[in-house]
Amino acid sequence: MSEHNYQQPDLTLVGDEHIRRYRETGGEVGYLWNGAPSLLLTTTGRHSGEHRTSALIFGRDGADYLVVASMGGAPKHPQWYLNITAHPEAEVQVRAEHIPVTGRTASSAEKPRLWRIMTEVWPNYDVYQTRTERDIPVVVLSPR
């Protein structure tokens with residue numbers, strides 16, 4: 001997939017504003033983001049120990065939630081990914097529900113299947129992978 005397959009998202013609800021509106025409305029605003037479902041992932045900062053929240057597109061694999069550490073194809077991993085690899089216990093908010101989860105990076109054996117699930121939800125992930133040398137991780141968030 002190349003850049004001409006890229007679909008420019010509507011960026012009117014991003015970052016802290018997305019998180020704030022999602023929390024205020026129990027996901028009524030922000031759950032669907034550019035047609036894709038999103039959740040709030042709260043991790044523990046690997047240096048600060050403080051809770052950090054990110055709004056992320058997600059998919060499902062059975063009971064597990066799947067998220068992609070793409071950062072739009074940036075050369076470095078997103079901070080939330082570095083945090084969850086250091087402290088796997090986290091929480092997701094899906095609409096109004098808060099779910100404790102344990103995060104792990106998908107293995108190389110399971111990643112192709114999980115990547116397909118995620119590119120069905122957000123086809124731009126294929127484009128993001130072409131923008132970076134790093135192997136973009138799929139993270140499995142298992143309810144605990």
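Leaving aside neighbours within four places in sequence, which residues is Ile117 in contact with? The first legend answers this, and the others walk through further close-ups of this predicted model.

**Figure 1. Ile117 and its contacts.** Welcome to helix α3, where Ile117 lies. Once neighbours within four places in sequence are set aside, Ile117 is in contact with Arg60, Asp61 and Leu66. With a relative accessible area of 22%, Ile117 is partly exposed; the cut-off for buried is under 20%. If you would like a landmark for the next view, take Trp33: Ile117 and Trp33 are 84 residues apart in sequence and 17 Å apart in space, C-alpha to C-alpha.

**Figure 2. The aromatic pair of Trp33 and Trp122.** Searching the whole structure turns up six aromatic pairs. In the one formed by Trp33 and Trp122, the centres are 5.4 Å apart and the planes make an angle of 40 degrees, a tilted arrangement. Trp33 belongs to strand β1 (residues 32-33), whereas Trp122 sits in the loop between α3 (111-121) and α4 (124-130), so the pair ties together parts that are 89 residues apart in sequence. Both Trp33 and Trp122 are buried.

**Figure 3. Trp80 beside Tyr81.** Here the ring centres of Trp80 and Tyr81 are 6.2 Å apart and the planes stand at 90 degrees, so this pair is edge-to-face. Trp80 has a relative accessible area of 8% and is buried. Tyr81, at 9%, is buried too.

**Figure 4. An aromatic cluster with arginines over its rings.** Tyr31, Phe58 and Tyr65 make up one aromatic cluster. Look for the charged end of Arg60, which sits over the ring of Tyr65 at 3.9 Å from its centre. Arg60 may be familiar from the opening view, as one of the residues in contact with Ile117. Over the face of Tyr31 lies Arg95, 3.8 Å from the ring centre.

**Figure 5. A salt-bridge network in helix α1.** The count for the structure comes to eight salt bridges. This close-up shows Glu17, Arg20, Arg21 and Glu24, which are linked in a network of salt bridges. Within that network, the side chains of Glu17 and Arg20 meet at 2.9 Å, N to O. Glu17 and Arg20 are three residues apart in helix α1 (residues 15-25), so about one helical turn separates them. Glu17 is partly exposed at 35% relative accessibility, and Arg20 is partly exposed at 38%.

**Figure 6. Salt bridges of Arg144 and Arg104.** Arg144 forms a salt bridge with Glu89, with 3.6 Å between the closest N and O atoms. This pair links distant parts of the chain, as Arg144 is in the segment after β8 (138-143) and Glu89 is in strand β6 (residues 89-94), 55 residues apart. Glu89 is exposed, with a relative accessible area of 51%; the cut-off for exposed is over 50%. A further salt bridge joins Arg104 to Glu110, where the closest N and O atoms are 2.5 Å apart. Arg104 is partly exposed, its relative accessible area being 39%.

**Figure 7. Strand β8 and its antiparallel partners.** Strand β5 (residues 64-68) and β8 run antiparallel and are joined by four bridges. In this region, Val67 stands opposite Val139 of β8. Strand β7 (residues 97-105) also pairs with β8 in the antiparallel sense, over five bridges. There, Gly103 has Leu141 as its bridge partner in β8.

**Figure 8. Nonpolar cores.** The largest nonpolar core has 21 residues, and those with the most contacts inside it are Leu39, Leu41, Trp80, Val92 and Leu141. Two or more residues come from each of α1, β2 (36-44), β5, α2 (79-86), β6, β7 and β8. To follow one of these residues in your viewer, try Leu39: not counting residues up to four places away in sequence, Leu39 touches Tyr22, Ser54, Ala55, Leu56, Phe58, Tyr65, Val67, Val92, Gln93 and Val94. Apart from the largest core lies another, of 16 residues, including Ala36, Tyr125, Tyr128 and Ile136.

Technical notes
Residues numbered from 1 in each chain as written. Predicted model: local features only at pLDDT ≥ 70, side-chain atom pairs only at ≥ 80, totals over all residues. Heavy atoms only, no water. Phe/Tyr/Trp six-rings, centres within 6.5 Å; stacked < 30°, edge-to-face > 60°. Buried < 20%, exposed > 50% of the residue type's maximum accessible area, 1.4 Å probe, protein only. Lys NZ or Arg CZ within 6 Å of the ring centre and 35° of its normal. Salt bridge = Lys/Arg side-chain N within 4 Å of Asp/Glu carboxyl O. Pairing = 2+ DSSP bridges. Core = buried A, V, L, I, M, F, W, Y, C linked by side-chain atoms within 4.5 Å. Contact = heavy atoms within 4.5 Å.
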